[in-house]
Amino acid sequence: LTSEWRNVLLVARYAARHELQRQCADLTHAVAPFLSSGGYWSEALAAHELALQACRSLGDPTLVARTALDLSLTSLQTADYEKAERCATEAHAIYASARETGGQASALNLLGHIYLYAARFRDSLAHHQEALDLYREAGDAGGMAVAVVRAASALGHLGRFDEEIQYLNHALGLFREAADRRGEAIALNNLGAVLDDRGFHRDAVAHYEESLEIFRQIGGRHNLAILDQNMGRIQAYKGNHDTAIALYRKALTTFYAIGGLQH
């Protein structure tokens, strides 16, 4: 994908121009996780907008919902919260109408994530918990892990720190059971941040380093930049200000490059 993702998007655009809307939608969806984790967000936005137009022309509600979720996530990553909420809400309505449990859970989970960035922390937690119930009903362990790790963030913003740590440890176990290394690394990073905030700096560094090792193996510019930012905070606490500034500058360069306005 590192070598070919641009060609995939070129073929998807070709398909859209030549009345092959389904192929456009499927190709764009197939590459969506790579674009998301790799930080290719401006390219992803254009691709998902085109794919959504293709799905609407097909008149296939399920395809519209799937593509709307892809566009919602990229809109969230680029801090367009209104578009993110609008797309996720549309997807949820379609999946609810079709009684598609997994789709409803994914839409609710994403809405909860959007509400976190909008500082609607109680709404965020409620949506993640509802998504968790649906994932459990569907027997989707991977989905459950994502809902739990995101619910933990909402709990932290509500000041429920002990529960946040419990949720993160639970999510870490679920990700490891599912062999989801990206999820595992995210949970480790989030645990490190909570431990850092509570003054357990040595434990925080251990979690950050374990997370960093995974992301170095599997890639993820956005996640690596967040880890640079977190490690910079540790170095600043220790009084190593030159090292902290270097880490912050490195992180900032990446955030500018990928359009990560949140950070």
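## Exercise 1: Ala 12 and the cavity

Leaving aside neighbours within four places in sequence, find the residues in contact with Ala 12. Then place Ala 12 in its helix, and say whether it is buried or exposed.

**Solution.**
- Know the model. It is predicted: local features need pLDDT of at least 70, side-chain atom pairs count only at pLDDT 80 or more, and totals for chains, interfaces and linings use all residues. Residues are numbered from 1 along each chain as its sequence is written, and side-chain values use heavy atoms, with hydrogens and water left out.
- Step 1. Contact means heavy atoms within 4.5 Å. Under the stated sequence exclusion, Ala 12 is in contact with Cys 24, Leu 27 and Thr 28.
- Step 2. Ala 12 sits in helix α1. Helices are DSSP runs (H or I, at least four residues; strands are E, at least two), numbered from the N terminus.
- Step 3. Ala 12 counts as buried because its relative accessibility is 3%. The classes are buried under 20% relative accessible area, exposed over 50% and partly exposed in between, with a 1.4 Å probe and protein chains only.
- Step 4. Look across the model. Ala 12 and Glu 213 are 201 residues apart in sequence and 34 Å apart in space, C-alpha to C-alpha.

Next, describe the largest cavity and its lining.

**Solution.**
- Step 1. Set the rule. On a 1 Å grid over the protein atoms alone, a cavity is a set of points where a 1.4 Å probe fits but cannot get out; lining residues have an atom within 4 Å of a point. Points are joined across faces, edges and corners, and the volume is the space filled by probe spheres set on them.
- Step 2. Count. One cavity of 30 Å³ or more turns up. The largest cavity holds about 30 Å³.
- Step 3. List the lining: Leu 9, Ala 12, Arg 13, Cys 24, Thr 28, Ala 47, Leu 50 and Ala 51.
- Step 4. Assign helices. α1 (5-17), α2 (21-38) and α3 (41-58) each supply at least two lining residues.
- Step 5. Sort by type. The lining has six nonpolar residues, one polar and one charged. Here Ala, Val, Leu, Ile, Met, Phe, Trp, Tyr, Cys and Pro count as nonpolar, Asp, Glu, Lys and Arg as charged, and the others, Gly among them, as polar.

## Exercise 2: the cores

Which residues have the most contacts inside the largest nonpolar core, and which helix supplies the largest share of that core?

**Solution.**
- Step 1. A nonpolar core is a set of buried Ala, Val, Leu, Ile, Met, Phe, Trp, Tyr and Cys residues joined through side-chain atoms within 4.5 Å.
- Step 2. The largest core has 35 residues; Tyr 135, Val 149, Leu 168, Phe 175 and Tyr 208 have the most contacts inside it.
- Step 3. α6 (101-117), α7 (121-138), α8 (141-157), α9 (161-177), α10 (181-197), α11 (201-218) and α12 (221-238) each give at least two residues. α10 gives the largest share, with seven.
- Step 4. Check Val 149. Not counting residues up to four places away in sequence, Val 149 touches Leu 168, Ala 171, Phe 175, Ala 187 and Asn 190.
- Step 5. Another core, of 21 residues, lies apart from the largest core; among its members are Val 64, Ala 68, Leu 69 and Leu 111.

## Exercise 3: aromatic pairs

How is the pair of Tyr 81 and Tyr 117 arranged?

**Solution.**
- Step 1. Count. The structure holds three aromatic pairs.
- Step 2. Read the geometry. Tyr 81 and Tyr 117 are stacked, at 6.2 Å centre to centre and 10 degrees between the planes. Rings of Phe, Tyr and Trp (its six-membered ring) pair if their centres lie within 6.5 Å; planes under 30 degrees apart are stacked, over 60 edge-to-face, the rest tilted.
- Step 3. Place the partners. Tyr 81 is in helix α5 (residues 81-97) and Tyr 117 in helix α6, 36 residues apart.
- Step 4. Check exposure. Tyr 81 is partly exposed, at 26% relative accessibility. Tyr 117 is also partly exposed, at 34%.
- Step 5. Find the cluster. Trp 5, Phe 34 and Tyr 40 form one aromatic cluster.

## Exercise 4: positive phi

Where do Glu 19 and Ala 179 lie?

**Solution.**
- Step 1. Glu 19 lies in the loop between α1 and α2. Its phi is near 60 degrees, a positive value in a residue other than glycine. Glu 19 is exposed, at 61% relative accessible area.
- Step 2. Ala 179 lies in the loop between α9 and α10. Its phi is positive too, about 55 degrees. Ala 179 is exposed, at 63%.

Methods:
On a 1 Å grid over the protein atoms alone, a cavity is a set of points where a 1.4 Å probe fits but cannot get out, and a pocket is an open set with protein on both sides within 12 Å along at least five of seven lines; lining residues have an atom within 4 Å of a point.
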